[in-house]
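Colleague: Could you take a close look at one part of this chain for me, and set it against the whole? I would enjoy a connected walk through it.

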Amino acid sequence: MNVGSMRYAEALREAARLAPVEGEALKLEQVKAVVLVASHLKTEKTITESLSGLNPDEEDNLMKFVYIGLSMKDAAMSLPLFKIHEALTKKAGLGCIVRAVCAK
């Protein structure tokens, strides 16, 4: 992993540390930040390495951002989110999806 991707990995972990907020405008900004970081993690290996340090709460938060972003139906946002979704599901399992979808 090169220095640039290490910074993106740190940014992804920081984004996952915080749960989505209630306000729609702020939530949109959070999702855009996750998408921006995810779009710079080009390979499956860098994505997997970036997710490796997440704890279960952070995994759930990140999955919530993935589903919020996908619900916006923006094709440009979807590809990086699907890549995160795939890697996160492999790491955290199906329970992560269930918790994200069922969260209020």
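**Charges, cysteines and a histidine**

Modeller: Happy to. Let me begin with charge: the chain carries 14 positive and 13 negative side chains, and the centres of these two sets are 2 Å apart. Please keep in mind that this is a predicted model.

Next, the overall fold. There are six helices and zero strands in the chain, so that reading from the N terminus gives α-α-α-α-α-α. The radius of gyration is 12 Å, close to the 13 Å that the globule rule gives for 104 residues, so the chain is as compact as a globular protein of that length. Its C-alpha trace spans about 35 × 25 × 20 Å along the principal axes. Of the contacts between residues at least 6 apart in sequence, 75% join residues at least 24 apart.

As for the surface, the accessible area of the chain is about 6000 Å², and carbon and sulfur atoms account for 61% of that. Buried residues, for their part, make up 38% of the 104 residues.

Now to the close look, which I would centre on His 85. This residue sits in helix H5, which covers residues 75–92. His 85 has a relative accessible area of 16%, and because the cut-off for buried is under 20%, His 85 counts as buried. What does His 85 touch, leaving aside its neighbours within four places in sequence? The contacts are Met 63, Val 66, Tyr 67 and Ile 97.

The cysteines make a good second stop. In general terms, a disulfide is a covalent bond between the sulfur atoms of two cysteines. A search of the whole structure finds zero disulfides. Cys 96 is in none, and the nearest cysteine sulfur to its own belongs to Cys 102, 12 Å away. Seen from the other side, the closest cysteine sulfur to that of Cys 102 is in Cys 96, and 12 Å is too far for a bond, because a disulfide needs the two sulfur atoms within 2.5 Å.

Is each of these cysteines buried or exposed? Cys 96 has 0% relative accessibility and therefore counts as buried. Cys 102, at 57% relative accessibility, counts as exposed, because the cut-off for exposed is over 50%.

To put the pieces side by side: His 85 is buried at 16%, Cys 96 is buried at 0%, and Cys 102 is exposed at 57%.

Technical notes: Residues numbered from 1 in each chain as written. Predicted model: local features only at pLDDT ≥ 70, side-chain atom pairs only at ≥ 80, totals over all residues. Heavy atoms only, no water. Helix = DSSP H or I, 4+ residues; strand = E, 2+ residues; numbered from the N terminus. Buried < 20%, exposed > 50% of the residue type's maximum accessible area, 1.4 Å probe, protein only. Contact = heavy atoms within 4.5 Å. Rg over C-alpha atoms; globule rule 2.2 N^0.38 Å. Areas by Shrake-Rupley, 256 points an atom, 1.4 Å probe, with all protein chains shown as cover. Lys, Arg positive; Asp, Glu negative; His and termini not counted. Charge placed at Lys NZ, Arg CZ, Asp CG, Glu CD.
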